[in-house]
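Me: I'd like to learn how to read the helices and loops of a model. Could you walk me through it?

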Amino acid sequence: MHIQDSRWSSASAVAPGGAVGAAVGNGRGDGARTTPLRVDAQRNLEHVLRAAREVFGELGYGAPMEDVARRARVGVGTVYRRFPSKDVLVRRIAEEETSRLTDQARAALGQEDEPWSALSRFLRTSVASGAGRLLPPQVLRVGVAEDGGAGPDEARVPQQRTQPGGGELRLVPEQSAAVDDAGAAALLDVVGQLVERARAAGELRPDVSVSDVLLVIATAAPSLPDAAQQAAASARLLDILLEGLRSRPV
C-alpha cells in the first residue's frame, strides 16, 4: 500500500494553458454548478473520479494530475476544468472514502449484536472494498504523546487507552486536512464505538486503539496487479491481523 501526503495548498491552481478553474463550493469542483451537466460532461466527470480513485489507490495522493487524466483517457485540461487544483480532487476522493467507511462501520454496529463480529465485519467489509488505500492522511497519521501530555486533539479519537511502555497512541489532525473535520469526527466516533464494545466484552486486546483499527484497514489492503491475488492476499493478511487484535485468556 502506498499512501502519501500531497502538498495541501489553499490556493487554487491554474490549469495548463493559463486557464483558471471554475469556482469551487464546499471543497468540490462542481459545487457552484446549478444546472445539470451535459451527458458527455457527466461521463467525463465519472471517468475522472474513477481514474482518481484507481491512481491514488495505487500510487498514493502524491500522484500527479497527469496520471489521473491519462487513466481517465481525457486531456489534463478536462480534469482541471472540473477540479481547479489537485487539492480539490484529493479532498473530493478523501471525503467520499471517509463517508463510505463511516457507513460501513454504522452498518456493522447496527446489524451485528456480538461485539467482535461487528468489529471484524467492519474490517472485512472495508478491506474487501479497498477502502484502506484511499484513507486520507489526516486519519492515518499516528503520533505518540509524552506521558501526561495529552494534546488538544485527544478528543478526536474516542476511548483511547494508554499503551504499555508509556505514551498514548493517538491520531494527529493536520491544519489543512484532506477531509472535513465533521466527516473525520464521524468516522472516528463510530469506529470508537466498535472498538469500545469489543474491548468491554473482553474480545479485544485492552491496548488496541481506534488508530490501530484504521491502520489495520490501510495495511490489509495491498495494491497488486492481479485482482485475484490481491483479494487472496488481503484476506490472508486480515486474518493474521485480526488474530493479533483479539484478547487471549491469561
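Me: Which residue follows α7, and what is the sign of its phi?

Reply: Happy to help! This is a predicted model, where local features need pLDDT of at least 70, side-chain atom pairs count only at pLDDT 80 or more, and totals for chains, interfaces and linings use all residues. Residues are numbered from 1 along each chain as its sequence is written, and side-chain values use heavy atoms, with hydrogens and water left out. Helices are DSSP runs (H or I, at least four residues), numbered from the N terminus. Here Gly-202 comes after α7, and its phi is positive, near 75°.

Me: Which residue other than glycine has a positive phi, and where is it found?

Reply: Arg-73, with phi near 60°; it lies in the loop between α2 (65-72) and α3 (76-82).

Me: Is Arg-73 buried or exposed?

Reply: Buried means under 20% relative accessible area, exposed over 50%, and partly exposed in between (1.4 Å probe, protein chains only). Arg-73 has 80% relative accessibility, so it counts as exposed. In α7, by contrast, the buried residues include Leu-187, Val-191 and Arg-199.

Me: How are α4 and α5 oriented to each other?

Reply: Axes are lines fitted to C-alpha atoms, for helices over the stretch in contact, and angles run from 0 to 180 degrees between N-to-C directions. Angles under 35 degrees count as roughly parallel, over 145 as roughly antiparallel, 65 to 115 as roughly perpendicular and the rest as oblique. The axes of α4 (residues 86-111) and α5 (residues 115-128) cross at roughly 150° and come within 8 Å. The two helices are therefore roughly antiparallel.
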